[in-house]
Amino acid sequence: MAKRIGIEVSIALAEAVKLCNVDVIAAYPITPQTHIVEHLSELVADGSLDAEFVPVESEHSAMSCCCGSSAAGARTFTATSAQGLSLMSEILYIASPMRLPIVMVVANRAMSAPISIWNDHQDIMVQKDVGWIQTFAENGQEAVDLLIHAFRVAEDRKVSLPAIVNIDGFTLSHVIEPIEIPDQEDVDKFLPPFKPKYRLDPRKPITMGPVGIPEIYFESKIATNEALKASKKVILKAWKEFEEIFGRKYEPIDAYRTEDAEVLLVTMGSISETAMTAVDVMRDKGQKVGLLKIRLWRPFPIQEFRKAVGKTPILAVVDRHLSLGGVCSPVASELKTLYYKVPSAPKIFDFITGLGGRDVTVEHFEEIVDKAKSFAKRRPKDYYHYIGGREK
Amino acid sequence: MARVDAIVGWKTITFGCHIFEPGNSVKFRTGDWRSQRPVLDKEKCIKCGMCWIYCPDMAYNQTEDGYFEVNLEYCKGCGICANECPKDAITMVPEEG
């Protein structure tokens, strides 16, 4: 039986990577990197993990190295954050159409300037369209579980796509939480050895990553997108099997106290736990408030989200990204698109909060719900609203 | 757009766009964006093969009579052959129509 211990989430993730028996880790060790790869480098150095650790000269090289090792048939892992993720961006677009099942943890952090290493979702939201499977963890245990799940799904031959597990930087990555580290035996049962359909092999040479002239590029992109959409089936099946082996249940959208709700908060990541407390507080006061937590972000679980919303009349979307100069922020933007001209669609309002590590409190959620209710009665002038940002 | 012998759809495209047999670029006849083409004056040509050596797209082939002939399915009209020819036997003429 797996034992529950107090452990820093980053260290727990490194231990989970070890349990997944990876072959190659390529990473750049400087800020905004986390302890995940630092601990992995120790595990490799002391011989307790038989893997190749490649300390590259930049995140651009880290992801390039990951593409190469994955193409050669090695189970591959990396981790990054913020500016580091941005430097990887070019290669993120390469891994997905080439169907390389790299797994990466992104400790979500603010983008400088001003210089910040604190949490929000600005780094990942600009990478939403790179063709990777993406999940958001709410707490340390979930981060560990989603990581093991990510390898299983990414490497499934029906999927064969890279996957990102998002954890809130600092708020999750650098805190100590009670976490049940799974048994090796159970992980082995859940995660079979990596056997890619095709790999680089000098005995049977193939070309990966050729030129896509206009006659073929479009079809290649459609094929990637359809594969990503179809991966949802495998994602759901793997979560079901995960529950059978490890006893913890995961779904694409988590609903909390949504019964007969007038307003549903929509959150992603670790602030969902504060949001649950806020819902409890508001329910105690007699307000009909619930919460939807988006766990699976890419591919977006359209049917599951609609089902979870049901007939709720108001959605208050909490975005931790500011789309500078845009109409509104990514999460609200997608949800508004999802419900455009749908009969009896909920009214959707976008609230931007918690940028650069600013705490999001129960009071903030109460403010959001109050505002959403009044906006539903009288349409607001603006398309999005700052919560907790001082004016003077 | 280039003329392609091997048109495929998104459902039939190879996994990951991988190429499993080498040399399939032959199927993509890419010589149709040329604005000018090389014309050989056989009176001046000494069959030295400099055009064949310098052509960046390997569009030249030697014929049975020893001359080098350009394959216009692949020639992009860059003019390197005309520039390198030691006998000025190749002239670049505009493509018309």
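**View 1. The outside of chain A, with about 17,300 Å² exposed.** Carbon and sulfur atoms supply 53% of that exposed area (Shrake-Rupley method with a 1.4 Å probe; for residues, only the protein chains shown count as cover). Keep in mind that this is a predicted model, where local features need pLDDT of at least 70, side-chain atom pairs count only at pLDDT 80 or more, and totals for chains, interfaces and linings use all residues. Residues are numbered from 1 along each chain as written, chains are lettered from A and ligands numbered from 1 in written order, and side-chain values use heavy atoms, leaving out hydrogens and water.

**View 2. Inside chain A.** Of its 392 residues, 58% count as buried, meaning under 20% relative accessible area with a 1.4 Å probe, protein chains only. Look at who touches whom (heavy atoms within 4.5 Å): among contacts with a separation of 6 or more, 81% join residues 24 or more positions apart. The C-alpha trace spans about 70 × 55 × 45 Å along its principal axes.

**View 3. Cysteines without a partner.** A disulfide is a covalent bond between the sulfur atoms of two cysteines. The whole structure has 0 of them over all chains, counting pairs of cysteine sulfur atoms within 2.5 Å. Take Cys66(A): the nearest cysteine sulfur, in Cys65(A), is 5.9 Å away. Cys66(A) is also buried, at 0% relative accessible area.

**View 4. Over to Cys55(B).** Here the closest cysteine sulfur belongs to Cys78(B), and at 6.4 Å it's too far for a bond. Cys55(B) counts as buried too, because its relative accessibility is 14%.

Definitions and conventions: Buried < 20%, exposed > 50% of the residue type's maximum accessible area, 1.4 Å probe, protein only.
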